[in-house]
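Visitor: Could you take me slowly through a single part of this structure and then show me how the rest is arranged around it? I am in my first year, so please take your time over each step.

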Amino acid sequence: MSDLIQALREKGYEATIGLEVHVQLNTQSKIFASDPNMPESEPNTQVGVITLGHPGTLPVLNKEVLEKAILMGLACDSTITKENHFARKSYFYPDLPKGYQTTQDKTPICVGGEVKLIGDNLLQESISLHHIHVEEDAGKSVHDEEHDTWIDLNRAGSPLIEIVTNPAIKGPNEASIFLQEVRRIVRFLGISEANMEKGELRCDANISIKPINQEELGRKVEIKNMNSFNHVRRAISFEIERQHGLELKGELIEEETRTFDPNTGKTSSMRFKETMNDYRYFPCPDLPPVLLEDEYLNELKASSPKIPAYYRTRFGQDYGLKDYDVQLLVEEKETAHYFLTLCEHGVNPKKASNWFNGPLKGFLNDKKASLKDVEVNQMIDLLKLMEEGKLMSAVVQRDLLPALIESKKSVNTLAEELNLLAEDDSSALEGIVSEVLLSLPNEVEAYRKGKKKLMGLFIGKVMKRSRGKANPKEVQILLNQKLKWVDF
Ligand code: MN
């Protein structure tokens, strides 16, 4: 439990947090128009008449948007709404040319569900969802140094899902971990890149505190538009402390919208009250209801990509890996999928995960390479040769991996061409061991008199002379034997 929540509880209070997470879907075109869904292009180049809401134009729902929203709902065990309606949420803002946002008000496409949290010492195991709805994004207002504001409407009409949790999150860590898992899920499903710097995943938080035994929630404050896990954690922590401070002084907590400044670590009032707005929601007359059939939903369910939880179960329960290793392997979809393929081809999961999360990761980082550069079949052969003791880890890192990245040849061929296979010719190895011992008479004498630490030196010298190809265990056995004898 975080110190902050601990301290709050000792004073008899607890925090309640709800999140609204907007995820930009990576569809080809926008939600109601054929404009390309490419918000990052040259400003105002991806904007047609439907996006601008010109009179006489009619929106048409993009099927891909619904499909991706449903995939998210299925991944969170939500109930999928069969009859969907769209509504207009009216407000004026320069980057909203239509004067209203088309969204779902009464019939969100996914209802309920939950996201399980990953980690130790958490205040809760999962976070329940209120619903997930689809809606369109607004454009962007860009403020320049001359205090001018520029409008870019490329993003207007880009599809979003909004994931709304119940007010059920108990602390800032839990909120941040929830958000991280949401990002993993949407990436594994392939429905969004969820790049937070680009605003493809952004989060609003509703925060209140109340006495522990009080049923009714306290007065809530909303923090808008955070786009980093760290900001979410810090903003919520600051806000809980601020509210508790006001409570202790007997001051009223204003129900207001606040903004977080990452430079100061503080939230400040945006001077308007969201609750005062009247959005005049009404059903969108341009969009007919969308009815979803069981057959369609079942097909979608059957073809749905695997989510992080699936890989965690496979690695943890089927292959007996430790939580720590599982988390590292399930951070990214490519790694998880690649590693599962290895396991299914009979490599030793524990050895493979040590190699993956250790030397291999280091090597790929150094070379700015990725797993895509080593074909999965090559990796299977590589791991099996290492298991059999025919390839030494040090040799693989130094000579074989760089060659593998460049070549599609089989691991066996490359290892032979580069003469990297371990010396199974023990007479050759014996020769090296003898040479090394003969070249170090003083050390041998010292070892025989009890300076056993010198074993490391002998092993090192032998490994070096064998160019790393000798099996260290074998080397040690040979050294032990020979050091007992008078002659080498
Ligand atoms: Mn929204």
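Guide: Arg280 sits in the loop that runs between β15 (266-269) and β16 (282-283), and in this predicted model the phi angle of Arg280 is positive, at about 45°, although the residue is not a glycine. Most residues other than glycine have a negative phi. With a relative accessible area of 54%, Arg280 counts as exposed, because the cut-off for that word is over 50%.

A second residue can be described in a similar way. Asp77, found in the loop between α3 (63-75) and β2 (79-80), is likewise not a glycine and has a positive phi, near 60°. Asp77 is exposed, its relative accessible area being 61%.

From these exposed loop positions we can turn to a loop residue that is buried, namely Leu321, whose relative accessible area is 6%. Leu321 lies in the loop between α7 (308-318) and α8 (323-329). Leaving out residues up to four places away in sequence, Leu321 touches Phe315, Gly316, Val326, Leu329, Phe339, Pro349, Lys350 and Ser353. One of these partners, Lys350, is 29 residues from Leu321 in sequence, yet the two C-alpha atoms are 6.3 Å apart in space.

Another of those partners, Ser353, belongs to helix α10 (residues 349-366) and is buried, with a relative accessibility of 1%. Once its neighbours within four places in sequence are set aside, Ser353 is in contact with Leu321, Asp325, Leu329 and Phe339. Leu329 and Phe339 therefore appear among the contacts of Ser353 and also among those of Leu321, where contact means heavy atoms within 4.5 Å. Ser353 can also be compared with Leu328, which is 25 residues away in sequence, while the distance between their C-alpha atoms is 9.3 Å.

The metal site also brings together residues from separate places in the sequence. The manganese ion is coordinated by His22 through NE2 and by Glu135 and Glu162 through OE atoms, at 2.0 to 2.2 Å, and along the chain these donors follow the spacing H-x112-E-x26-E. His22, in strand β1 (residues 13-24), and Glu162, in strand β11 (residues 159-165), are 140 residues apart, so that this pair links distant parts of the chain. His22 is buried, with a relative accessible area of 13%, and Glu162 is buried as well, at 8%; both values count as buried because they fall under 20%.

Finally, we can step back to the whole protein, which has 17 helices and 17 strands. Among contacts with a separation of 6 or more, 69% are between residues 24 or more positions apart, and 48% of the 488 residues count as buried. The radius of gyration is 30 Å, whereas a compact globule of 488 residues would have one near 23 Å, and the C-alpha atoms fill a box of roughly 95 × 55 × 50 Å along the principal axes. The accessible surface comes to about 25200 Å², with 50% of it belonging to carbon and sulfur atoms. As for charge, the protein has 62 positive and 75 negative charges, and the mean positions of the two sets are 7 Å apart.

Terms used
Residues are numbered from 1 along each chain as its sequence is written. This is a predicted model: local features need pLDDT of at least 70, side-chain atom pairs count only at pLDDT 80 or more; totals for chains, interfaces and linings use all residues. Side-chain values use heavy atoms; hydrogens and water are left out. Donors are N, O and S atoms within 2.8 Å of the metal (3.2 Å for Na, K and Ca); water is not among the atoms, so sites may look incomplete. Helices (H or I, at least four residues) and strands (E, at least two) are DSSP runs, numbered from the N terminus. Buried means under 20% relative accessible area, exposed over 50%, partly exposed in between (1.4 Å probe, protein chains only). The radius of gyration is taken over C-alpha atoms; the globule rule is 2.2 Å times the number of residues to the power 0.38. Accessible areas come from the Shrake-Rupley method with a 1.4 Å probe; for residues, only the protein chains shown count as cover. Lys and Arg count as positive and Asp and Glu as negative; His and the chain ends are not counted. The place of a charge is taken as NZ of Lys, CZ of Arg, CG of Asp or CD of Glu.
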